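User: I am new to this structure and would like a close look at a single part of it. Please take one strand and follow what surrounds it.

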Amino acid sequence: MKFKRKSSILIFTVLALIASSSCKEKKESNDSENKVEKKDNYVEVITNGMDFQTVDEIKSGWTTFKYINKSFEPHFFILEKMPDTLGLTTYKKDLFPPFISAFEHFGKGEMEAGMKEFEKIPQWFYKVELAGGVGLTSKKTTSKSTIFLEPGTYIMECYVRMPNGLGHVFMGMIKELKVSNESNGNEPPKADFKIGISSEQGITFIDSIKSGNYTFEAIFEDQKQYEHLMGHDVNLVKIENDSLVTDLNNWLNIVDFKAFRSPEPGGLLFLGGVEDLPAGETGYFEATLEKGNYVLISEIPNAVERKMIKPFTVY
């Protein structure tokens with residue numbers, strides 16, 4: 001079963017969020033910084049400013065992404081499988097103008113005019129399938145995630161918001177990735193620990209583990225659409241103290257237009273995770289854990305109230 005975007009009376013929320021998801025494309029990097037690798041065991045994705053530098057095509061199957069965030073802001077990327085033969089050109093042509101126009105109206109308090117722009121959104125948008133990706137990754141940090149990709153055309157995007165409320169996708173943090181019919185033959189990685197993610201039970205995990213390098217298996221026991229019309233994911237965060245849980249929860253509450261803006265609250269270090277996957281599917285992510293306090297949390301509204309957070313200690 002695929003997890004698709006769907007039309008809703010809450011369309012205002014999701015479109016405002018996506019329209020608010022754009023990053024200025026900075027061209028301060030040199031050619032050496034833009035070099036990316038396509039190795040047998042992973043696909044490299046580099047962010048230098050507000051960009052994704054990676055290969056254009058990969059084989060289908062279990063795929064590990066090594067995401068190197070060289071920028072000074074937190075980012076992530078979610079992969080969206082496009083319907084039929086559509087790709088990045090159509091995505092930009094059909095979606096960018098109404099989203100950006102709507103955002104401009106909302107910024108002026110012109111809600112009705114902004115809503116009118118949404119009538120221009122094509123129906124194919126609601127057939128896009130969310131297919132996982134790499135969770136939130138702090139500045140100057142590298143993370144690794146593994147997901148299974150079927151053949152097709154995918155859009156890679158980040159919708160963390162700029163300080164002024166604009167998101168990253170419309171300003172350059174977007175990339176088309178083609179996945180061929182040829183299989184890479186990879187097996188899923190062997191996990192050291194399992195994480196359960198469920199809208200009913202929340203995020204389940206053990207209370208403490210020893211420091212070290214680990215691979216985590218993220219099991220999406222179910223999936224649903226929340227107020228922002230996206231599903232749940234899982235992000236690993238090192239947190240300086242428990243008092244920051246409220247700040248983290250509020251920052252991830254994407255239905256608040258003032259939330260999810262860079263920079264993230266102080267005292268938080270995002271170490272990756274797995275973006276939205278359909279019910280019953282599994283993704284993996286790797287992390288090096290030093291001694292300290294951590295949480296696993298989903299980027300959804302009111303994550304704490306919904307038990308979509310699990311604190312644990314590394315000793």
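Analyst: What follows starts at one strand and moves outward to its partner, the core and a nearby loop.

The model is a predicted one. The part chosen is strand E1, residues 43-47. Of its 5 residues, 5 are buried, so the strand is largely enclosed by the rest of the structure. Buried here means under 20% relative accessible area. In a regular strand the side chains alternate between the two faces of the sheet. In E1, Val43, Val45 and Thr47 point one way, while Glu44 and Ile46 point the other way. Residues on both sides are buried, Glu44 included.

The pairing of E1 comes next. Strand E2, residues 57-69, runs parallel to E1 and is joined to it by 5 bridges. Within this pairing, Ile46 stands opposite Ile68 of E2.

Phe65 also has a number that falls within the E2 range, residues 57-69. Among the residues that Phe65 touches are Val43 and Val45, two of the residues that point the same way from E1. Other contacts of Phe65 include Ile58, Phe77, Leu79, Val134, Ile147, Leu149 and Leu177. The list also holds Ser143, Lys144 and Ser145. Phe65 belongs to the largest nonpolar core, which has 67 residues, and together with Leu289 it touches the most other members. Apart from that core lies another one of 16 residues, including Leu86, Phe96, Phe125 and Tyr126. In soluble globular proteins, nonpolar side chains tend to be buried together.

Asn69, whose number is the last in the E2 range of 57-69, leads to a loop. Asn69 is one of the residues in contact with Ser138. Ser138 sits in the loop between strand E4 (129-137) and strand E5 (141-149). Although it is in a loop, Ser138 counts as buried because its relative accessibility is 2%. Its contacts also include Glu73, Pro74, Leu268, Leu269 and Phe270. Glu264 is a further contact, and the side chains of Ser138 and Glu264 are joined by a polar contact of 3.2 Å.

Leu268, one of the contacts of Ser138, gives a last step outward. Its C-alpha lies 9.6 Å from that of Asp247, and the two residues are 21 apart in sequence. Asp247 is part of helix H4, residues 245-251. At 36% relative accessibility, Asp247 counts as partly exposed, whereas the residues of E1 are buried.

Technical notes:
Residues numbered from 1 in each chain as written. Predicted model: local features only at pLDDT ≥ 70, side-chain atom pairs only at ≥ 80, totals over all residues. Heavy atoms only, no water. Buried < 20%, exposed > 50% of the residue type's maximum accessible area, 1.4 Å probe, protein only. Helix = DSSP H or I, 4+ residues; strand = E, 2+ residues; numbered from the N terminus. Pairing = 2+ DSSP bridges. Core = buried A, V, L, I, M, F, W, Y, C linked by side-chain atoms within 4.5 Å. Contact = heavy atoms within 4.5 Å. Polar contact = N/O pair within 3.5 Å; in protein donor to acceptor, adjacent residues only side chain to side chain. Lists of a residue's contacts leave out its neighbours within four places in sequence.
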